[in-house]
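Visitor: I would like a close look at a single part of this model. Please take the salt bridges and walk me through them slowly.

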Amino acid sequence: MLPQRYSSSLVSLPLVAVVGLLVLFPISSLIAGSFWSGYPGYPGEWTLKNYLDAFADPLLPTLFINSLVYAGGASLLATLLAVFYAFITARTDTPGRGLLSYLPYIDLMTPALLTNIAWIYLLHPRVGLINNFIGQVFGPDAPVLNIYSLPGMIFITGLNTSSLVYIGIQAAFKSMNPEYEDVSRVCGAGIRRTTFSVTLKLTMPAILSMTLLNFIIVLEVFETPSMIGLPANIPVFMSTIYNAVSWSIPPKTGQATALAVILLMIVLTFTTVYRRYTARVERYAVITGRGYQPNVIKLGKWRYATFLLLMVYAAVLIVLPISLVLLLSFKIFWDPNNLFGDFTLKNYVEVLNHPHLFTAIINSTLFSAAAASILVFLIPIVVYLSRRVKARGASVVENVAMMPQAYPGLVLALGLLWGYITLPIGIYGTAAILVIAYVTRFMPHVTRLFSGVVVQIHQELEESSRVCGSGFMSSIRRIVLPLLRPAMVGAWVYAFIVSFRELSASVLLVAPGTEVISVLLWGLWINGEDRQFAAAIMILVGILALIISTVLLIARLIRARVLLARRP
């Protein structure tokens, strides 16, 4: 038997090569393509013309300003909503707070396409349901709430990403040491002063960290800038890159690639700031190994007011968008003055008769399952070797796996297009390139999930196993894998959901025979088939709910069977 350091090196070095290929190849291809005069796969020569055209374009300063204002405004709104929701559900005695704390997790299953079309039909300046109500109450001269504006883009994206920020900060509110707040109250500070001067200050590192991360994520958002920003003539980097590749005649692939590299440099800059900030923040932790039960603030009669606010947030976040899209999916045509008339099943019939629907559903299911399975197999090995094994390359591989955090989906797709269309291996236009895109795109998400779990598994467990005569691989199989199993199920479900609904990394890579449901939905939207689009989204939500419920049920049955088998 080989010594542990040699056997682990045999695993870690190929792993570095595989992860490095997945992460570095598309971006190096993108950068090389930005200096190429021809189209991907076509003859050309090295040139600076793409960058000269990009920097000479008078639109570039507008792209930069719009993108930063959009990302900053949406991140600020998302943070305010998330902090309010996390504080109320974690630190007060508001009725139903335990059940309502799971609401943001449900929101993560809702595609951004659904939220966008819902608010378009709620706040459209002419046919929006809310604007129609305002006109009826205050008269036709009343000002309207126009979703086709930069504030409209900020509102929708801030709402969409607030659940992600909540998930990132709610643990800080739940696990805070209550002694600091107790000292504040002993010194005479009331609830309000203690909340602002102690509670929020202690959670501020987590809040600022998630705000910065969300800023990076919003820079990468594709759906809202394309569905709302383009009709409103509010260009940002993502929508401009997509337009240059997909709608310009002839396609401005070179200039789009140069813009993609510029956006990548911007995102990399903020990602570097984020990582340095989070590394510095960890040195000022106020949560130790002792168990804490956070103080619950007694609101008295005000707890019913906070409950009402939580219900309003739930309605705006989930109930209102889903209800409106469901209503729209049954309408012959949209009339805000006749909401419950002219119902039809025609939209669903047309969608179900779409020649590519079932192919897209099957492809999305298979591609997403393949990507999730690869990630759940690959990333635990990456994280374990990085955290546990002292082997050459082991400490590097996790850092490399985190690099795609700075890759916007559309930029990654463009890099894969440049890379694989020039290689004579026949991957471009096949299912493989989509699976590669999903694995690369969501590798940092799954890495972050497993890194927190592996750290919690103390090395004494594995050392005890080896003292009892178990080898390295036997200890992994008997000790580590059973402890990782719940995280593996959760990571698989998460990776499947985000891959199934991913649009930005798919839209440039699909080909005949590899259609996926997100791109099919996008095609319905850009072709003006909005009611069929709504019907297809409801089918998508139903499929996601069914698949996730089935996977969780199977996991629960397997767990129950294992527990029964262990009983004497």
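**A buried charge network**

Guide: Glu-220 has a relative accessible area of 6%, so Glu-220 is buried. Keep in mind that this is a predicted model. Buried here means under 20% relative accessible area.

Now look at the partner. The side chain of Glu-220 meets that of Arg-441 in a salt bridge, at 3.6 Å from N to O. Where do the two sit? Arg-441 lies in helix H19 (residues 431-456), while Glu-220 lies in the loop between helix H10 (191-219) and helix H11 (223-229). The pair therefore ties together parts that are 221 residues apart in sequence.

Is Arg-441 buried or exposed? Its relative accessibility is 13%, so Arg-441 counts as buried.

Arg-441 has another partner. Its side chain also meets that of Glu-502 in a salt bridge, at 3.2 Å from N to O. Glu-502 sits in the loop between helix H21 (472-500) and H22, and Arg-441 in H19, so this pair ties together parts that are 61 residues apart in sequence. Both Arg-441 and Glu-502 are buried. Put the bridges together: they share partners, and they join Glu-220, Arg-441 and Glu-502 into one network.

Step along to H22 itself. Helix H22 covers residues 517-526, and 9 of its 10 residues are buried. Among them are Ile-517, Val-519, Leu-520 and Leu-521. Trp-522 and Trp-525 are on the buried list too. So are Ser-518, Gly-523 and Leu-524. Just after H22 comes Gly-528, with a positive phi of about 80°.

How many salt bridges does the structure hold? There are 5. One of them links Lys-49 and Asp-53, with the closest N and O atoms 2.7 Å apart. Both residues lie in helix H2 (residues 49-56). They are 4 residues apart, about one turn of the helix. Asp-53 has a relative accessible area of 30%, so Asp-53 is partly exposed. Set that beside Glu-220, which is buried at 6%.

For contrast, turn to a nonpolar patch on the surface. Leu-352, Phe-358, Ile-362 and Leu-366 make this patch, which is about 400 Å². Helix H16 (residues 357-388) gives the largest share, 3 residues. Leu-352 is found in helix H15 (residues 346-352). Its relative accessibility is 41%, so Leu-352 counts as partly exposed.

Terms used. Residues are numbered from 1 along each chain as its sequence is written. This is a predicted model: local features need pLDDT of at least 70, side-chain atom pairs count only at pLDDT 80 or more; totals for chains, interfaces and linings use all residues. Side-chain values use heavy atoms; hydrogens and water are left out. Patches are made of residues with over 30% relative accessible area and no salt bridge: like charges are joined within 9 Å, nonpolar side chains (Val, Leu, Ile, Met, Phe, Trp, Tyr) within 5 Å. Accessible areas come from the Shrake-Rupley method with a 1.4 Å probe; for residues, only the protein chains shown count as cover. A salt bridge is a side-chain nitrogen of Lys or Arg within 4 Å of a carboxyl oxygen of Asp or Glu. Helices (H or I, at least four residues) and strands (E, at least two) are DSSP runs, numbered from the N terminus. Buried means under 20% relative accessible area, exposed over 50%, partly exposed in between (1.4 Å probe, protein chains only).
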